[in-house]
Amino acid sequence: MAHTPRRWGYAAMGAVLATAVLSGCSGGNAGEQSDGNRTNAGNGGDPGGQGKAEETRYIEVWRNLDSTFAIEKDGPYSKMVQADTGVGLYMPFVAWNSGSAYVQKLNTRIASGELPDLFMPWQGNEAALMKQGALADLTELLPEYAPHVWDRIPQEVWDVVRSADPSGEGRIYYVPLVQTYTYYGAYIRQDWLDNVGMELPRTKDEYVEVLRAFRDQDANGNGDPSDEIPVTGREQGRWMDHLFGMYGVAMWEGLPMWDLYDGELTYSAITPNMKAALEFAQMLYRERLLDPNTFLNKGSEWTAKIYNDKVGSWYHINQGMNVRIENIAKVNPDVNLVALGLPEVDGYDGFITNTQINRPMWVIADKDEQTTIDALSLLEWSADPAHAEQVQLGVEGMHYEVQDGKRILLPSDPDRQETRMLASFITGMDEVQLQAQFQRDSSTPEQLRVFEMRDAIVAEMQPYGKTVAGDGIPSSIYDGYSDLKNHTMYQEYMSKIIIGEWPIDKFDEFVDKWTKSGGEEVTARARAWYNLIGR
Amino acid sequence: MADAAQARRTSHNTAVGARPQRQGLLRELRNYWPLYAMAMPGVLFFLVFKYVPLAGSVIAFKDYMIFKGLAESPWVGWKHFRAFFEYPDFARVFRNTLLIGLYNLVFVFPFPIVLALLFNELRSMAYKRTLQTIYYVPHFFSWVIIAGITFDVLSNTGIVNALREWVGLEPVLFMQEERFFRSIVVLTSIWRDAGWGTIVLLAAIAGINPEVYESALVDGAGRIRQIFSITLPLIMPTVLVLFLLQIGHFLDLSFEQIYNLLTPMTYGVGDVIDTYVYRVGIIEAQYSSTTAIGLFQSVIGLVLVLGFNSLAKRYQREGGLF
């Protein structure tokens, strides 16, 4: 009978394990319930207790993070926002990685049915959410709780936002990122031009000559004539839009856009303009003027090449050039970056693609009215000119310091500075200049030089922008054709043609294949949308 | 599997005893209830995490909308299967999947066997253990890391191209050329998992009775002879089981591996069912169509397992999985 106790022991262990498995399953429900209680309590506490008795409500906000860590509920940024709105915010750490890591994490959260309260959708994933009723209807609440957002965004932009409602009822489901100025631009290193003794190129041929000089000579002056990359881009052909824009191809961060060609709304990737642009890019690649590693460059590698004083010319966001210049200066203090504009090509009207509605910036999960109102109050905070300084400068002590009554911006440090989560999402030249003024006022002399260089770039790129006809086109036009929506087919043909593995004639095959595998239907939907908004 | 065998044996015994089945079961429960209690967690695990989710496969026949729930989503029949087969690049995706699956069987699968045989021949225990540990390590790297290393090693400033330059050859951008893609997939698979795969085989080799080797030695068999006439035949059942387990996943390749190595320039040879599922399903949140494709992969896998299982049984008694 010596083994009896042991038998009992095993049995008990088995029973414990069994209950553990069972309770593990019901754990999710318990969590949801308590979650519901919490928000109810928040609602109930409203009428009775004034101010202090009320528990702070927190909104989970997701966007692209600049910082390398999570944004905490009691972190400095959340506390600053709380002080004005009574609503705090937080976000777990989610890597950005050109958006691919972000969208994967976000979609995982969506798949588990637990959406963040307020988030930035990516790659058009808001369309499916709208269709399934997972997003809050903002039509009534937005003008009431975020009047500055409502007033500052032009009505015509709201019309486009309404056209995205899948039910056709014109409800508002997202808040757009609005820019009424030229956001993107192409740049060239003036100090490199000086080193090779050339002028700023104005035409395509001059540009090519300059790139050849960068390739052949020691343009960066480090003693090695062969470490210069004349022009570079990123994997999937991203961020070299100026090479396409020169030929009048509507392009948004490397993704073809919709614009009028021969008077009709057309996917820019299937136009003769695209063919000409590809031929040009193929030539650049063949002559090793375009970075041979372009299609393998991750965002971080691309950035590193620029920072290490290896790149002569590239395309990116005008407003961000101060960070680039700041970093290049660590390697080469003589850095002088100027706007390239768009070199002219005979027979083509080049432009840089402007979109007033850059993309959907914020959507709110349809949880309960209080969550929606809280999320809107955060957006209102960001759009209210009264808070413009805080929105722009960030938190004292972390993003800037006050010295002798002057605000000094601290150098950007993603390891220590929290992301300015509620950065301004409505900007025209007025706001841009105001922001620049803030920055210049609070700069040290070295910083001032960088900001002035940046501001000159922003100003000089303005005339090259053109708002494309497909501005704000809803991603639902691609429903059922995900390879067209992801631009997968375009990316395959484009990259293989540019690296010279396929001849340029393959482009005609692409147009044909694209049209046949859904492009016709997508084009019909796009044109129907265009007629609907009646531009 | 052991449980099933046990159950078969006991039920056989009670049948011999010629008692009514029902009473026998009750009696067994009373007599052996601690054993049943111990089996409970395992059974529950499979029920809850493996069998219950199977019912979720119905979404393959529905237009599943996550916020409307299972019941509210409309039935659509074979729509998602049809959409998959009518996908313009279906032929390409399917061919790539078959080819890479085949390469995995032909090149990747035998590698651990060879490696295990080599390990087994090492005399110094310390050397063997150290070597084994080194070979296991890559298994714990995620594919993201391994793909990162691969891109680096093969980049135009990487070690391979540095060597090529050294002997006067032009650098080659391996990752953007179709002709290298499948070889890279095979090589990275071997690099990551060959060492890990030896564990089961080494255990099987350790289980071989040393007397067999001793008598072979007496008969004058050398090391090579012993490998081919003793070790290999005796681990064959284990190899067969591993093979059957592998063939069940013939169509579902390692998504993480291929996705991380893939670029638009290599879609032609590397776009497989799983990467397609990712684009359509995960990015687009089309859970129904991904389930349909998953179901398709599982059915093919099941057919292959059943087919090869019967072949295995013909090859040797008790050879198959079941």
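Let me begin with the interface, where 36 residues of chain A meet 29 residues of chain B; contact here requires C-beta atoms, placed from the backbone, within 7 Å. This is a predicted model, in which local features need pLDDT of at least 70, side-chain atom pairs count only at pLDDT 80 or more, and totals for chains, interfaces and linings use all residues. Residues are numbered from 1 along each chain as its sequence is written, while chains are lettered from A and ligands numbered from 1 in the order in which they are written.

On the chain A side, H1 (4-48), H3 (100-111), H18 (482-485) and H19 (488-498) each supply at least two residues. H1(A) gives the largest share, nine residues. Helices are DSSP runs (H or I, at least four residues), numbered from the N terminus.

I turn now to the interior. The largest nonpolar core holds 89 residues, and those touching the most other members are A:Tyr187, A:Trp258, A:Ala277, A:Leu278 and A:Ala281. Such a core joins buried Ala, Val, Leu, Ile, Met, Phe, Trp, Tyr and Cys residues through C-beta atoms within 7 Å, buried meaning 20 or more other C-beta atoms within 10 Å of the residue's own, again placed from the backbone. Helix H11 of chain A (residues 272-286) contributes seven residues, the largest share of this core. Beyond four places in sequence, A:Ala281 contacts A:Leu243, A:Leu290 and A:Ile498.

Finally, the domains. Chain A is assigned domain 1 (54-178 + 359-419) and domain 2 (184-355 + 466-533), with bounds from an automatic or database assignment. Their centres, taken over C-alpha atoms, are 30 Å apart.

Methods: Contact = placed C-beta atoms within 7 Å. Buried ≥ 20, exposed ≤ 12 C-beta atoms within 10 Å, placed from the backbone.
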